[in-house]
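Student: Could you take a close look at the salt bridges here, and set out which side chains pair and where they sit in the chain?

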Amino acid sequence: MTDHPRDRFDLVPDVEAELAFLDALERRRLHHAWLLCGPEGRGKATFAHRAARRLLGAAADPSRGPLGARQDDPVSRLISAQSHPDLLVLERAVEGGKTKRNISVDQARDLPEFFSKSPAQAGRRVAIIDAADDLNANAANAILKTLEEPPPSGILLLVCHAPGRLISTIRSRCRRLTFRPWTEAAIAELLRNTVGLGVGEAEAVAAGAGGSPGAALAAIGDETRAADELARRWVGSSDPLDRSERLALLGTLRGAEGAARFDAMVDRLAAAVRDRALAGGEGASDWAELWSRLTEWPDRAAGLNLDRTEVLASALNDLERTKARAC
């Protein structure tokens, strides 16, 4: 479930995006920089590594999609081992077991040096920035220098979750590929085929994924999945919330782990309420109003530095009142 994008071979993030990139490659009209756009979790980094394998000469495997490559190819093996001399991946560094908040300017300065060298094995050199959103201001300016003077045999792939936050001079020098949301049916099929979930469970996880296969995969086997099951049971039942279960949950919201648990619970509660509202029927307007309020709670809690326990308790009280009105 936590495979790095370089180790994913059978996930095809967006067929149309892959066909567009492959068309440019085959017609020898490949732009030197590609901005891979879309919300986090849609497979942009997976696409970048799929594209890198083909650019660096890995044998094609059409059974794995337009940019599919053979997993046993020497190029694929080198990339998975992070030892291909013609590939550079810039991502947030991990030090002391903690991931840094940004890609630093020192990391960004590796880019011009990398592209200044001739390809060692392939006909070109490829760099992946995962993600451009993580570049600090100085790092972004360092990247810009490479974009302004593109290397003759270099291709740059920039993963970007929010293009509007990038400086315009970076955006203007890239060709953009936008990754569309997956349908719930496609996500459910992915979960059944790769994880082995049953039909009902796969559909439940897919419904709360927001069109993101990454979010769906991350939800399997972790706290998010437990929060989703609890939220859907609470929303779907006409009975009052179990008091002991509720108190147990509220008692786990302290500290760093508690923050993650709070975010997961509010997110899954909002998803369950959204689905109930969209189902229509009696009380649909009440559920829609609750959905609107729930989506505001995380930002309100963070902005006003509110106690997470009190925030979630208020949200659950709101849920109780909505259930009483809707029944």
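Tutor: R173 forms a salt bridge with E148, and the closest N and O atoms of this pair are 3.9 Å apart, where a salt bridge is a side-chain nitrogen of Lys or Arg within 4 Å of a carboxyl oxygen of Asp or Glu. The pair links distant parts of the chain, since R173 lies in the loop between helix 7 (168-171) and strand 7 (175-178) while E148 lies in helix 6, 25 residues apart; helices (H or I, at least four residues) and strands (E, at least two) are DSSP runs, numbered from the N terminus. R173 counts as partly exposed because its relative accessibility is 28%, and E148 counts as partly exposed at 44%, on a scale where buried means under 20% relative accessible area, exposed over 50%, and partly exposed in between (1.4 Å probe, protein chains only).

This is a predicted model, in which local features need pLDDT of at least 70 and side-chain atom pairs count only at pLDDT 80 or more, whereas totals for chains, interfaces and linings use all residues. Residues are numbered from 1 along each chain as its sequence is written, and side-chain values use heavy atoms, with hydrogens and water left out.

A second pair is formed by D134 and R92, whose side chains meet in a salt bridge at 3.7 Å, N to O. D134 lies in the loop between strand 5 (125-130) and helix 6 (137-148), and R92 in the loop between strand 2 (87-91) and strand 3 (94-95), so this salt bridge ties together parts that are 42 residues apart in sequence. Of these two partners, D134 is buried, with a relative accessible area of 17%, while R92 is partly exposed, with a relative accessible area of 35%.

The side chains of D61 and R64 also meet in a salt bridge, at 2.9 Å from N to O. D61 counts as buried because its relative accessibility is 15%, and R64 likewise counts as buried, at 17%. Salt bridges that share partners join D10, D61 and R64 into one network. A search of the whole structure finds 18 salt bridges, and the pairs described here are among them.

Another arginine can be placed by its surroundings: R274 lies in helix 13 (residues 255-278) and counts as buried at 18% relative accessibility. Leaving aside its neighbours within four places in sequence, R274 is in contact with A207, G208 and W291, contact meaning heavy atoms within 4.5 Å.
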